[in-house]
Each structure stands twice: as structure tokens, then as C-alpha cells.
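Visitor: Could you walk me through this one? I'm new to reading structures, so plain sentences would help.

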Amino acid sequence: QVQLQESGPGLVKSSQTLALTCSVSGASITTNYYWSWVRQPPGKGLEWIGYMHYSAGAWYSPSLRSRASIDRDTSRNQFTLQLNSVTLEDTAVYYCARFGVAYGMDIWGKGTLVTVSS
């Protein structure tokens, strides 16, 4: 059974860097999937941040490309998100998810709330 679990600080100050980790169990991140980050601000819909493939690289939402970075740690079977220069608008529940071309976003973590304070 594949499971994803987000972890990281729940509170980040404005202008600082948000850093989250997604720990994957039951599958290797070196398989042919795109390991994704998605967020949902309070009262709004889901927003795709980006995803990475272990051998092909990473892709980002145009609106976040300048501030986001997704990386991997294959020895720990984890992938990470860094979002620089956060503002109050980056307050959201952040999810990691697995995306397969044939299946879409088929497995999600439970999500973690990150609040940006002024």
C-alpha cells in the first residue's frame, strides 16, 4: 500500500522560506511517476505547485516557478518543496501526491497546514 506523508513547520514568517518534506512508503520515488505538490488556500480551490520525476527533472506552475523548488532524496525515499519569499497568500494546506500519466493524481497525503505570519 502506497502512502505519502507531509511534514514540516506549521508556521512560517513572511519573507522566509517554506520547506516541506513528503515521505513515501510502499513505493520508490525512482519509479515512473511524477511526485507532486498541491496546495489549497483557505476557502479556495486546489492549486498545483509542481512535480518532479526522478530522472527527468521538475516542472512548476508558471505563477510559482520563480519561488518554488522541488527536489528528491532517493536514499530516504522522500521529496521536498521549498517556497521562497513567502507572503500571507501562501497560507494553505499543502499536499503531496503521486501523479501517473495513466491514472492522474491517484494517491495523496493527508495534507499539512502552513500558516504564514506577518
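Visitor: In which sense do strand β3 and strand β8 pair?
Guide: In this model, which is a predicted one, strand β3 (residues 18-25) and strand β8 (residues 78-83) pair in the antiparallel sense, and the pairing runs over 6 bridges. To pick out one position, A19 has Q82 in β8 as its bridge partner.

Visitor: And what holds paired strands together in general?
Guide: Strands of a sheet pair through backbone hydrogen bonds, and the arrangement can be either parallel or antiparallel.

Visitor: How many bridges are there between strand β7 and β8?
Guide: Strand β7 (residues 68-73) pairs with β8 over 6 bridges, in the antiparallel sense. Within that pairing, A68 has L83 in β8 as its bridge partner, and D71 stands opposite T80 in β8.

Visitor: How many residues sit between β7 and β8 in their hairpin?
Guide: The hairpin formed by β7 and β8 has 4 residues between the two strands, and N77 in the turn has a positive phi of about 55 degrees. N77 takes that positive phi although it is not a glycine.

Visitor: Is N77 buried or exposed?
Guide: N77 has a relative accessible area of 15%, so it is buried, since the cut-off for that word is under 20%.

Visitor: Where is S15, and what is its phi?
Guide: S15 is in the loop between β2 (11-13) and β3, and it has a positive phi of about 80 degrees although it is not a glycine. The relative accessibility of S15 is 55%, and it therefore counts as exposed.

Visitor: Back to the strands, then. What is the order of the strands in the open sheet?
Guide: The open sheet of 4 strands has the order β1-β3-β8-β7, with antiparallel pairing. Its edge strands are β1 (3-7) and β7, each of which pairs on one side only. On average, and with direction ignored, neighbouring strands of this sheet are turned by 20 degrees against each other.

Visitor: What about D73 at the end of β7, buried, exposed or partly exposed?
Guide: D73, which lies in strand β7, is partly exposed, because its relative accessible area is 25% and this falls between the limits for buried and exposed. Not counting residues up to four places away in sequence, D73 touches I29 and Q78.

Visitor: New topic: how many disulfides does the structure hold?
Guide: The structure holds 1 disulfide, and it joins C22 to C96 with an S to S distance of 2.1 Å. C22 lies in strand β3 and C96 lies in strand β9 (residues 92-100), so the pair ties together parts that are 74 residues apart in sequence.

Visitor: Which hand does that disulfide have, and are its cysteines buried or exposed?
Guide: The disulfide is right-handed, because the torsion about the S-S bond of C22 and C96 is about 65 degrees. As for their surroundings, C22 and C96 are both buried.

Visitor: How many residues are in the largest nonpolar core?
Guide: The largest nonpolar core has 27 residues, and those with the most contacts inside it are L4, L18, W35, W37, F79, L81 and Y94. Two or more residues come from each of β3, β4 (34-40), β5 (47-53), β7, β8, β9 and β11 (112-117). The largest share of this core comes from β3, which gives 4 residues. As a general background, nonpolar side chains tend to be buried together in soluble globular proteins.

Visitor: Which residues does W35 touch?
Guide: If residues up to four places away in sequence are not counted, the residues that W35 touches include L4, V24, I29, Y51, M52, F79 and A97.

Visitor: Last thing: where is T91, and what does its side chain reach?
Guide: T91 lies in the loop between β8 and β9, and its side chain reaches the backbone nitrogen of V116 at 2.9 Å. With a relative accessibility of 15%, T91 counts as buried. Leaving aside neighbours within four places in sequence, T91 is in contact with P41, P42, V114, T115 and V116.

Visitor: Is P42 buried or exposed?
Guide: P42 counts as exposed, at 61% relative accessibility. P42 has its place in the loop between β4 and β5, and, leaving aside neighbours within four places in sequence, P42 is in contact with T91 and A92.

Terms used
Residues numbered from 1 in each chain as written. Predicted model: local features only at pLDDT ≥ 70, side-chain atom pairs only at ≥ 80, totals over all residues. Heavy atoms only, no water. Pairing = 2+ DSSP bridges. Disulfide = S-S within 2.5 Å. Buried < 20%, exposed > 50% of the residue type's maximum accessible area, 1.4 Å probe, protein only. Axes fitted to C-alpha atoms, helices over the stretch in contact; angles between N-to-C directions. Polar contact = N/O pair within 3.5 Å; in protein donor to acceptor, adjacent residues only side chain to side chain. Contact = heavy atoms within 4.5 Å. Core = buried A, V, L, I, M, F, W, Y, C linked by side-chain atoms within 4.5 Å.
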